[in-house]
Amino acid sequence: MTDVDGNQLLDFSGGLGCQLVGYSHPKVVEAVQRQAAKVSHTDFSVIPYEPFVELAERLVALTGAGERKVALFNSGAEAVENAVKFARASTGRPAILCFEGGFHGRTLLAMTLTSRHHPYKAGFGPFASEVYRLPYPYPYRSAHPDDAGRIALEAIDGAFVAAVDPDSVAAAIVEPVQGEGGFVVPTPEFLQGLAERCRRHGILLIADEVQSGCGRTGAFLASEHFGFEPDLVLLAKALASGYPLSAVVGRADVMDAPGPSAIGGTYVGNPVACVAANAVLQVIEEEGLIERAEQVGKSIRTRWEQVAQHVAQIGDIRGVGAMIGVEMVTSRETKEPNADYLGNVIRGAMQRGVISVSCGLYHNVLRHLVPLVISDAELEEGLDVLSEAAVAAAARP
Ligand SMILES: Cc1ncc(COP(=O)(O)O)c(C=O)c1O
């Protein structure tokens, strides 16, 4: 990034996760320019076009087995809303399960499914009905880190007795690795146990991979790391390099459940956004970015482990692939969240030329959403800056 004064900065927020293939990748730019000159909109339901079909075929091939279909939308929140509609139409049931720390967007239902009240929900009620929130394993903040998954599964079993009849639940929506919630990684036991309970009760499982998907974790879907197969997968953010586009990929029988014209929207699957997404998926494959995620993540993790030897405010370093979060605390004994310290680190890094962002229920987790096309030299330079800022902020009275 070059700012208005000509200063050059490295963006470690990667356009909040959208620029996985980097800003203005030449292949994306070329595809967008060509499509914009050809046709920018028809409405796919009136005049269908090839880039939409090509993208749907690519997404089906990338996201699992079995007969599946794709619906395209404009934003992550819209994918969430429509996934719930598919699930309700398919099961004929009203209720939805969601999880503490989850973030699913800002529209009415997506906001209801989102966990944190400030700043996302406070003052915006009443919320949508038939939403039941359950604990999500957060090993670092659990009294029993090794058992956090089992404890969360017991909470689901308890809720099926005390809070909601499982036979009235249409779907559970879960982030396989939480994004806004603090890059929290659950135990595989939890996601597999959730999937097993969903199967047992005829509940559809929706994986919200808006932030974790498209290769950032070292697999196209983060779900793959945990050995569970969702019925519906949601993608957005990195999918089209920032052009407004999201996708629901799901079991064909579920996707076919709503009647004609029940699901859609004027702009959904815009052709310019579709060609951008096709180019992004091609770049991810050609440039080996899924494999690159592992290397990028390893460098980030190793660097923060070194910094943690000198900086007592670093409480936890966690993540999958390149999706690494660093949780800041006042002391490692009390684990009291330290958002002020993280704020100083982020400001210090910005003054030194690196843009980074926080996340977490307590705003105290530094998240890395580095474009995976980053060179080793740029990555090390950015990490030098972040570690300098972390050490300087720790030295402040
Ligand atoms: C996991 C997850 N779901 C849904 C959303 C909402 O996406 P959008 O902002 O495009 O509506 C986000 C955005 O950060 C997200 O991280």
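## Overall fold

Helices, of at least four residues, and strands, of at least two, are DSSP runs, numbered from the N terminus. Counted in this way, the secondary structure of the chain, which is seen here in a predicted model, comes to twelve helices and 13 strands. The radius of gyration of the chain is 21 Å, close to the 21 Å that the globule rule gives for 397 residues, and the chain is therefore as compact as a globular protein of that length. Taken along the principal axes, the box filled by the C-alpha atoms is roughly 60 × 60 × 40 Å.

## The surroundings of the ligand

The ligand takes up the space of the second largest pocket. The residues that surround the ligand are Ser75, Gly76, Ala77, Phe103, His104, Gly105, Glu175, Glu180, Asp208, Val210, Gln211 and Lys237. Sorted by class, this shell has three nonpolar residues, five polar residues and four charged residues.

## Polar contacts and burial

Two side chains come into the picture through their polar atoms: one such atom of aspartate 208 lies 2.7 Å from a nitrogen atom of the ligand, while one of glutamine 211 lies 2.8 Å from an oxygen atom of the ligand. With phenylalanine 103 it is the backbone that takes part, as a polar backbone atom of this residue is 3.3 Å from a nitrogen atom of the ligand. Taken alone, the ligand exposes 390 Å², and the protein buries 84% of that area.

Notes
Residues numbered from 1 in each chain as written. Predicted model: local features only at pLDDT ≥ 70, side-chain atom pairs only at ≥ 80, totals over all residues. Heavy atoms only, no water. Near = heavy atom within 4 Å. Polar contact = N/O pair within 3.5 Å; in protein donor to acceptor, adjacent residues only side chain to side chain. Areas by Shrake-Rupley, 256 points an atom, 1.4 Å probe, with all protein chains shown as cover. 1 Å grid on protein atoms, 1.4 Å probe; cavity = no way out; pocket = protein on both sides within 12 Å on 5 of 7 lines; lining within 4 Å. Sits in = over half its atoms within 2 Å of the grid points. Nonpolar A, V, L, I, M, F, W, Y, C, P; charged D, E, K, R; others polar. Rg over C-alpha atoms; globule rule 2.2 N^0.38 Å.
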